[in-house]
Amino acid sequence: MTSYEEVYAYLERRVDALKTDKSGDEKSTLAEVFDAQTLMTIYDFMTSGLIEHVGYPISTGKEGNVFYAEDSDGEPMALKIFRTSTSTFKRINKYIEGDPRFNDVKGNRRKLIYAWTRKEFSNLNRYWNAGIPVPEPIHFKKNCLIMEYIGDENSPAPQLRNCALEDPDETYDEVISFAIDGFKDAHLVHGDLSEYNVLMFDGEPILIDCGQAVTSDHFNAKDFLRRDIENINRFFKSRDADIIDIEVIMEETLNKDSDDE
Ligand SMILES: Nc1ncnc2c1ncn2[C@@H]1O[C@H](COP(=O)(O)OP(=O)(O)O)[C@@H](O)[C@H]1O
Ligand SMILES: [Mg+2]
């Protein structure tokens, strides 16, 4: 097995490589994403054989980055790393106020972000087990989450907003079913369903970014559901799809029994 020093030096080289040829903004983002503890977590992933190497950043966001990664068989994966910064903390805090599941982590920035990572993992699991197309969750630790990579050898799958749709009506039905079946079968409301958080792969939509999803009994669940449907209706209207009235969708979601009940 490689020694700790070797792996750490390797990771630092990788991080340095990531920092070169980037704008000033991106440089500081990456420096913040790869703080010492995050490097340690990636080191753990490597020594436990989950990850062989971390590749290029697929996405650099305000609250975290998603990296292309591979396991020892060269199988691609996506590694999502949440920044443990104050801005992430502030946004997350809004979502979990009043949620008893987070009582023990309130006020502790790092712990809260770890809990958020765990929440995204468990939400992915719920969707996955209910048959909603999401990246298969693989593993998580602290602020790092490993999931199935959506894309091919050339590039990651594009976001819905950047895709020309062959059959907008069909894609609309599928994306709306993320809200309906997500509620009835996974008992979750995504809470940030939009053309940004749906990837298109082989003509099929896949739901991502499930950290903020709440359970269907959450006191805000119905409001979040309505907002999700509004977002999807607005986007697909701009793509000339046949939109279903929001009240009809709300009723179908809230009143019909789940298929497996
Ligand atoms: N499993 C994945 N496979 C391929 N690309 C992904 C995957 N997960 C996320 N991405 C890319 O990274 C972007 C950011 O991920 P997301 O989970 O939406 O985080 P956030 O919006 O909070 O930064 C996505 O819009 C998508 O382009
Ligand atoms: Mg997103």
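## A pocket, a metal site and a strand

Reader: Happy to look at this with you! How many nonpolar, polar and charged residues are in the lining of the largest pocket?

Author: Glad to start there, with the note that this is a predicted model. Sorted by class, the lining of the largest pocket comprises 17 nonpolar, 11 polar and 8 charged residues.

Reader: Which residues of that lining are the closest to the centre of the largest pocket?

Author: The largest pocket has a volume of about 890 Å³, and 36 residues line it. Those closest to its centre are Ser-59, Val-66, Lys-80, Asn-197 and Asp-209.

Reader: Which elements give two or more residues to the lining of the largest pocket?

Author: Both domains take part, since at least three lining residues come from each of domain 1 (4-148) and domain 2 (160-255). The elements that supply two or more are β1, β2, β3 (76-82), α4 (86-96), α5 (109-129) and β5 (144-148).

Reader: Let's turn to the metal. Which residues coordinate the magnesium ion (ligand 2), and at what distance?

Author: Asn-197 and Asp-209 are also among the residues closest to the centre of the largest pocket. Asn-197 offers its OD1 atom and Asp-209 its OD atom to the magnesium ion (ligand 2), at 2.2 Å.

Reader: How many residues apart in sequence are the parts that this pair ties together?

Author: Asn-197 sits in the loop between β6 (188-189) and β7 (198-201). Asp-209 is in the loop between β8 (204-207) and β9 (214-215), so the parts tied together by the pair are separated in sequence by 12 residues.

Reader: Nice. Is Asn-197 buried or exposed?

Author: The cut-off for buried is under 20% relative accessible area. Asp-209, with 24%, is partly exposed. Asn-197 has a relative accessible area of 7%, so Asn-197 counts as buried.

Reader: Now the strands. Which residue in β2 is the bridge partner of Ser-59?

Author: β1 (residues 53-60) and β2 (residues 64-70) pair in the antiparallel sense over 5 bridges, and they form a hairpin with 3 residues between them. One of the bridges links His-53 to Glu-70. For Ser-59, the partner in β2 is Val-66.

Reader: And how many bridges join β2 to β3?

Author: In the hairpin of β2 and β3, 5 residues lie between the strands, and Gly-74 has a positive phi near 80 degrees. Tyr-68 has Ala-78 as its bridge partner in β3. The two strands run antiparallel, and the number of bridges joining them is 7.

Reader: How many residues of β2 are buried?

Author: On one side of β2, Gly-64, Val-66, Tyr-68 and Glu-70 are buried. On the other side, Asn-65, Phe-67 and Ala-69 are buried too, and both faces are covered. The count of buried residues in β2 is 7 of 7.

Reader: One last stop, the largest cavity. Which elements give two or more residues to its lining?

Author: The structure holds 1 cavity of 30 Å³ or more, with a volume of about 30 Å³. Phe-178, Ala-179, Leu-188, Val-189, His-190, Leu-193, Leu-225 and Asp-228 line the largest cavity, and by class they are 6 nonpolar, 1 polar and 1 charged. The elements that give two or more of these lining residues are α6 (168-184), β6 and α7 (221-238).

Definitions and conventions: Residues are numbered from 1 along each chain as its sequence is written. Chains are lettered from A and ligands numbered from 1 in the order in which they are written. This is a predicted model: local features need pLDDT of at least 70, side-chain atom pairs count only at pLDDT 80 or more; totals for chains, interfaces and linings use all residues. Side-chain values use heavy atoms; hydrogens and water are left out. Two strands pair if DSSP finds at least two bridges between them. Helices (H or I, at least four residues) and strands (E, at least two) are DSSP runs, numbered from the N terminus. Donors are N, O and S atoms within 2.8 Å of the metal (3.2 Å for Na, K and Ca); water is not among the atoms, so sites may look incomplete. Buried means under 20% relative accessible area, exposed over 50%, partly exposed in between (1.4 Å probe, protein chains only). On a 1 Å grid over the protein atoms alone, a cavity is a set of points where a 1.4 Å probe fits but cannot get out, and a pocket is an open set with protein on both sides within 12 Å along at least five of seven lines; lining residues have an atom within 4 Å of a point. Grid points are joined across faces, edges and corners, and a volume is the space filled by probe spheres set on the points. Ala, Val, Leu, Ile, Met, Phe, Trp, Tyr, Cys and Pro count as nonpolar, Asp, Glu, Lys and Arg as charged, and the others, Gly among them, as polar. Domain bounds come from an automatic or database domain assignment.
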